Amino acid sequence: MDKRTILNSKHFEITLNRLASQLKENHQSFENTILIGLQPRGIHVLTRIQRILEADLKQEIKCGQLDITFYRDDFRRREQPIIPSVTNIDFIIENKNVVLIDDVLFSGRTIRAGLDALLAFGRPNRVELLTFIDRRFERHLPIQPDYTGKVVDTLSSQRVSVEWSELEGEDKVVLFTEDK
Amino acid sequence: MNNLSVDHLIGIKGLSKEDIELIFTTADSFKQVINRPIKKVPSLRDITIANLFFENSTRTRLSFELAEKRLSADVVNFSAASSSVKKGETLIDTVNNILAMKVDLVVMRHPNPGAAKFLSERIGARVINAGDGTHEHPTQALLDAYSIREKLGEDFKGKKVVIVGDIKHSRVALSNIFCLQKLGAEVMVCGPTTLIPKHIHELGVKVEHNLRRALEWCDVANMLRIQLERQDIQFFPSLREYTMMYGLDKELLDSLEKKIIVMHPGPINRGVEISSDVADSAQSIILDQVENGVAVRMAVIYLLASQINR
């Protein structure tokens, strides 16, 4: 297995800050905006961006965590059922601007399920998508991000992993390639 | 482990502790779902479920039906009272006819013990036992234990539960004993000698005939309904006498040193096994049990359905 770091911790931080700035540019006061992280690993992107925004704007940013397990389209097509994580959205998203946040955008199926799951909490005014990594040539569905940390061109046999200092000890993005 | 170790839910006896815990963590997620404005998820949209009730039921059937509908499954209902069973059709024929209409999962209640196991060995669909005679009622035991877990925490070790009443005719009692013991709780049964099976201590439960002593020992009291319909002979002189000896009223509940939790699988005979003011008191979790019933059944159906391969 070949392992290559494609984003080191320094650039990792710069990227997160840029994403936060782009959100600020489009949402200004965040009055009517809600950030929703997708379980499990989108939550880490959400937490970091929330921290940057709150430190910067000195106000609370409304955030939620969404689990999409029950909305997936591969139920019964997997060997093992996926164990759901917690959904933590204690507000109605009716007429809000929602930013869905995930770590890696690949086939787009997770986001499709996320859009479905979101509707259980009301009809949002507008939904945007922020992904830290966009594997742009691997899409199965017509879904594109509005905010992207880094675009990566990969083969479907490769794997991209976003690692976090609080979990793996260091902020970085790693590209894994199977040995031929 | 993300998979149940069984293909059918026939009884708690066949489940492992890990199975039960998996059902509980999955039920936690479904409990969130059913408390949302839109209480439905699309997971089972290509699954068809038949509810076969060869014996009367309101609560269990409604609970199963709601659970199935909230998972987006297609549901067909069947009750023996208005069917060909009355015309002499056998169980296997009835079920095979229903399965010929492409049903993936069968929920069945039947008056004969062992009916669910019998069926599971002969048909291609998954079977969930919703009560088979005096044998088992696994989903009731799961929701009871889940409700206790919600109140007293995830670790059942050292928790003391007493089951009071008609142990002999109760499938709820048997399933509860298996379930609580697998989770590590201590179980006691309490009732008149005639309603306690002779060899029940071999299951490792304590036996007590004095209600007060039983209540002083326990953290949770599960008050079973007196099932007059299952009793072919008289097991106690009169209902009034049963209530005097084994009925739980407010006076008795308040005289205990610790605040115990009171449960009842329903339907309640108010004023018989439990008085109205106890059933409606803060210590009673009877309605929590009903709410949890839907979440737990969603979890069971979801986990079994996830094993069906197309």
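This is a selection-by-selection tour of a predicted model with chains A and B.

**Chain A against chain B**

Show both chains and select the contact between them. On the chain A side there are 15 residues, and they meet 18 residues of chain B. The chain A side is made up of nine nonpolar, three polar and three charged residues.

**The two domains of chain B**

Hide chain A and colour chain B by domain. Domain 1 takes in 12–136 + 290–305, and domain 2 takes in 138–286. Over C-alpha atoms, the centres of these two domains of chain B are 25 Å apart. Where they meet, 20 residues of domain 1 of chain B are in contact with 19 residues of domain 2. To find the domain 1 side, select helix 1 (17–33), strand 4 (126–132) and helix 11 (286–305) of chain B, each of which supplies at least two of its residues. By type, the domain 1 side has eight nonpolar, seven polar and five charged residues.

**The parallel sheet of chain B**

Next, select strands 1 to 4 of chain B. Together these four strands form an open, parallel sheet in the order 2-1-3-4. Strand 2 (74–79) and strand 4 of chain B are the edges, each pairing on one side only. From one strand to the next, the twist averages 15°.

Start with strand 1 (residues 48–53) of chain B, which is joined to strand 2 by six bridges in the parallel sense. Label B:L52 and look across to strand 2 of chain B, where B:F78 stands opposite. Strand 1 of chain B also pairs with strand 3, again parallel, over five bridges. On that side, the bridge partner of B:L52 is B:M108 of strand 3.

Now move to strand 3 (105–110) of chain B. Is this strand mostly covered or mostly exposed? Strand 3 of chain B is mostly covered, with six of its six residues buried. Show the side chains: B:L105, B:V107 and B:R109 point one way, while B:V106, B:M108 and B:H110 point the other way. From here, five parallel bridges lead from strand 3 to strand 4 of chain B. One place to see this pairing is B:V107, whose bridge partner in strand 4 is B:I128.

**Helix 2 of chain B**

Keep the sheet on screen and add helix 2 (residues 59–70) of chain B. Helix 2 packs on the sheet and touches strands 1, 2, 3 and 4 of chain B, and its direction makes about 180° with that of strand 1. A distance between its end C-alpha atoms gives 16 Å, which agrees with the 16 Å that twelve residues should span at 1.5 Å a residue.

Which residues of helix 2 of chain B are buried? They are B:T60, B:S63, B:F64, B:A67, B:E68 and B:R70. In an α-helix there are 3.6 residues a turn, so residues three or four places apart point the same way. The buried residues of helix 2 pack against helix 1, strands 1 to 4 and helix 11 of chain B.

Step past the end of the helix to B:S72, in the loop between helix 2 and strand 2 of chain B. B:S72 has a positive phi of about 70° although it is not a glycine. Because it has 15 C-beta neighbours inside 10 Å, B:S72 counts as partly exposed.

**Two more loops of chain B**

Select B:R45, in the loop between helix 1 and strand 1 of chain B. B:R45 counts as exposed, with 12 C-beta neighbours inside 10 Å. Then go to B:P267, which lies in the loop between strand 9 (261–263) and helix 10 (276–279) of chain B. The peptide bond joining B:G266 and B:P267 is cis, with omega about -10°.

**Chain A: a sheet and two loops**

Bring back chain A and select strands 1, 7 and 8. They form an open, antiparallel sheet in the order 1-8-7. The edges are strand 1 (2–7) and strand 7 (159–163) of chain A. Neighbouring strands of this sheet are turned by 25° against each other on average, direction ignored. Five antiparallel bridges join strand 1 to strand 8 (residues 172–177) of chain A. Among the paired residues, A:D2 has A:T177 of strand 8 as its bridge partner.

Two loops follow, on either side of helix 2 of chain A:

- A:P40 sits in the loop between strand 2 (33–38) and helix 2 (42–57) of chain A; a cis peptide bond joins A:Q39 to A:P40, with omega about -5°.
- A:K58 sits in the loop between helix 2 and strand 3 (63–66) of chain A; A:K58 is not a glycine, yet its phi is positive, about 55°. With 7 other C-beta atoms within 10 Å, A:K58 is exposed.

Key:
Residues are numbered from 1 along each chain as its sequence is written. Chains are lettered from A and ligands numbered from 1 in the order in which they are written. This is a predicted model: local features need pLDDT of at least 70, side-chain atom pairs count only at pLDDT 80 or more; totals for chains, interfaces and linings use all residues. Two residues are in contact if their C-beta atoms, placed from the backbone, lie within 7 Å. Ala, Val, Leu, Ile, Met, Phe, Trp, Tyr, Cys and Pro count as nonpolar, Asp, Glu, Lys and Arg as charged, and the others, Gly among them, as polar. Domain bounds come from an automatic or database domain assignment. Two strands pair if DSSP finds at least two bridges between them. Axes are lines fitted to C-alpha atoms, for helices over the stretch in contact, and angles run from 0 to 180 degrees between N-to-C directions. The expected span of a helix is 1.5 Å times one less than its number of residues. A residue is buried if 20 or more other C-beta atoms lie within 10 Å of its own, exposed if 12 or fewer, and partly exposed in between; C-beta atoms are placed from the backbone.
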